[in-house]
Amino acid sequence: MNIEHITGYASKHLGPENETFAYGTAGFRMLASKLDPVVFRVGILAGLRSKALGGKTIGVMITASHNPPKDNGIKIVDPFGEMLEQSWEAISTKLANSHDSESLISTIKEIVESQKIDWSAPSNVVVARDSRESGPKLLASTIDGLKAIGASFKDFGQLTTPQLHYLTRCFNDSSFGKPDEEGYYEKLILSYSKIMELWGVTDDISITVDAANGIGADQILKLQKYFEQHVKFTLVNGSSDVPSALNSDCGADFVKTNQKLPSGIPDFEPLKLYSSFDGDADRVVFYYLNKEGTFRLLDGDKIATLLASFISSLLSKLDGKSFKLGIVQTAYANGSSSNYITNVLKLPLGVTATGVKHLHHKAQSYDIGVYFEANGHGTVLFSDNFVEALEAQDFTPGTEQYKAASTLRLLVDLINQTVGDSIADLLAVLVALRLGDSKTPEEWDSNYTDLPNRLLKALVKDRNQFKTTDAERKLVEPVGLQSEIDEIVAEYPGGRSFVRASGTEDAVRIYAEANTIEDTNELASRVSKLLE
Ligand code: 16G
Ligand code: ZN
């Protein structure tokens, strides 16, 4: 370890004296102006993580997703494209808070020792960023961290978050795909066009994409070149070069939170399908105007049920072979969607705490695990067992069984296996609509009707006092609060409400749903009064 070399770089990225950073649900995320010392240390950490794994490639993504343009963030991606292993979150937090050179060196030494890192081991890192104005400078500081410990790195410039996850996986597992941006698009077009060919679909499908004025816009334009003969994308809110426009009155988070149309769609046509990505294109939601001209949202819950029904119908054709298909949601899933999954689709339903890593982990317990957060982040995971069984299938070409098995095998390639991906999910939804039972946005929407719901935010003195159990659906602390919530909820037919501390903001969130809008609003406001 060349201490002088490290401290030379560190002197350019000293941390603030009285600030504490924490690796949260989505890595480190805050005002971009505060991030320089943090990203430098994350660069070091990514290098160390790679050394600890004998030189496996680690990913680093600079993004603040749906957050405002003045924010930014950074997160680390593990070799198989998953979120950083949990035990390393505490290690990252420790390093991020080692503000001066001396404490930085001693924390590095501590990590090397506790993780039994061989300093001479190779270290490989891939980095990318979204379209934010603060990105280039923060990327340069991250690279300083990598250089400080002599890590090898490859800078992919601007990518969506799921593209960076894809690349990280490819570098460690060549069977996953070609480790460059082109490889990502090629994998999508190949699987999509083969599915459509199998089913004899020759007509074009058209879809409008609101790209939140983020990196998704650039990538949709590149994608269009590959999909020329299959899907016609109409891009709106595509100004990724106007930093102040990012996520502003548009994008998946805006549409889901406000349950209304984004700005920027000039001629909104009834009964046509529209979609919105978030700023780093790892979330997608859909919507349409019904005949009466009312806005109808098709959120993550609706995506999960659409994809699960389609997959379930394919599985039912593989006679003689049975596989376990399950859905994973969080407490924010609409109660109607959960009832539909259990009572109509009759599929096992898992509920986990908020945050992709929890859902992803639970989804891995099924042969096929469909997981989506209501906000539109999610994917479908196919287990190795299942893929092997599909590859070994010997159905006669041309039969229904053959078509079903081949479609399932191609879906494994189409749907991003590492993380939720707006582009891949969009294509999977288009496939499910074209080939499944629900053909139109209205038919898709009519599977179940969402219960009215409300999400409020409360500022409290110390959000860490709010401790939950049962996948965040019940408070254990502050003691007594849950029974007060239960008493209020019991007064409302179809009522459900829960309170949890946000993992990304200094606030507590209150969710409520009930059979009527009036009841929902009243329930939400009475529960939030308990927090005053
Ligand atoms: C993060 C999570 C997202 C979750 C959100 C909840 C990842 C990659 N992202 O953005 O899945 O919905 O946090 O935010 O895990 P909250 O804790 O502030 O409610
Ligand atoms: Zn995002």
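**A zinc site, internal spaces and some unusual backbone geometry**

The zinc ion (ligand 2) is held by four residues, with Ser 65 (OG), Asp 278 (OD), Asp 280 (OD) and Asp 282 (OD) coordinating the metal at 2.0 to 2.1 Å. As the structure is a predicted model, these distances describe the prediction. Along the chain, the donors follow the spacing S-x212-D-x1-D-x1-D. A helpful reference for reading such a site is that ideal angles at a metal are 109.5 degrees for four tetrahedral donors. Here the 4 donor atoms around the zinc ion (ligand 2) subtend angles of 86 to 168°, so the arrangement is irregular. A tetrahedral label would need all angles to lie between 85 and 135 degrees.

Two of the zinc ligands can also be described by their accessibility. Asp 280 has 0% relative accessibility and therefore counts as buried. Asp 282, at 4% relative accessibility, counts as buried as well. Ala 281 is found in the loop between strand E8 (274-277) and strand E9 (284-289). This alanine is buried too, because its relative accessibility is 0%.

Ala 281 also introduces the topic of backbone geometry. Most residues other than glycine have a negative phi, and most peptide bonds are trans. Ala 281, although not a glycine, has a positive phi of about 60°. Asn 213 is another non-glycine residue with a positive phi, in this case about 55°. Asn 213 sits in the loop between strand E6 (205-210) and helix H8 (215-226), and its relative accessible area of 6% makes this residue buried. The peptide bond from Glu 477 to Pro 478 is cis, with omega near -5°. Pro 478 belongs to the loop between strand E17 (474-477) and helix H17 (481-489).

Attention now turns to the spaces inside the protein. The structure holds 3 cavities of 30 Å³ or more. The largest cavity contains about 80 Å³ of space and is lined by 13 residues, with Tyr 166, Lys 187, Leu 188, Asp 413 and Asn 416 lying nearest its centre. Sorted by class, this lining comprises 8 nonpolar, 2 polar and 3 charged residues. Helix H7 (181-198) and helix H14 (400-414) each supply at least two residues of the lining. The largest cavity lies between domain 2 (182-298) and domain 3 (300-445), because both domains give residues to its lining.

Gly 398 is located in the loop between helix H13 (384-391) and H14. With a relative accessible area of 69%, Gly 398 is exposed. The C-alpha atom of this glycine is separated by 8.8 Å from that of Leu 198, although the two residues are 200 apart along the chain.

The second largest cavity holds about 60 Å³ of space. Among the residues that line this cavity are Tyr 23, Gly 24, Lys 75, Met 83, Glu 89 and Lys 357. The lining divides into 5 nonpolar, 3 polar and 3 charged residues.

Finally, the second largest pocket has a volume of about 920 Å³. Of the 30 residues that line this pocket, Arg 463, Ser 502, Gly 503, Thr 504 and Glu 505 are the closest to its centre. Strand E1 (28-31), helix H12 (356-363) and strand E18 (496-501) are the elements that give two or more residues to the lining, and E1 gives the most, with 3 residues. By class, the pocket lining has 8 nonpolar, 11 polar and 11 charged residues.

Terms used: Residues are numbered from 1 along each chain as its sequence is written. Chains are lettered from A and ligands numbered from 1 in the order in which they are written. This is a predicted model: local features need pLDDT of at least 70, side-chain atom pairs count only at pLDDT 80 or more; totals for chains, interfaces and linings use all residues. Side-chain values use heavy atoms; hydrogens and water are left out. On a 1 Å grid over the protein atoms alone, a cavity is a set of points where a 1.4 Å probe fits but cannot get out, and a pocket is an open set with protein on both sides within 12 Å along at least five of seven lines; lining residues have an atom within 4 Å of a point. Grid points are joined across faces, edges and corners, and a volume is the space filled by probe spheres set on the points. Helices (H or I, at least four residues) and strands (E, at least two) are DSSP runs, numbered from the N terminus. Ala, Val, Leu, Ile, Met, Phe, Trp, Tyr, Cys and Pro count as nonpolar, Asp, Glu, Lys and Arg as charged, and the others, Gly among them, as polar. Domain bounds come from an automatic or database domain assignment. Donors are N, O and S atoms within 2.8 Å of the metal (3.2 Å for Na, K and Ca); water is not among the atoms, so sites may look incomplete. Four donors count as tetrahedral if all angles lie between 85 and 135 degrees; four count as square planar and six as octahedral if opposite donors are over 155 degrees apart and all others between 65 and 115; anything else is irregular. Buried means under 20% relative accessible area, exposed over 50%, partly exposed in between (1.4 Å probe, protein chains only).
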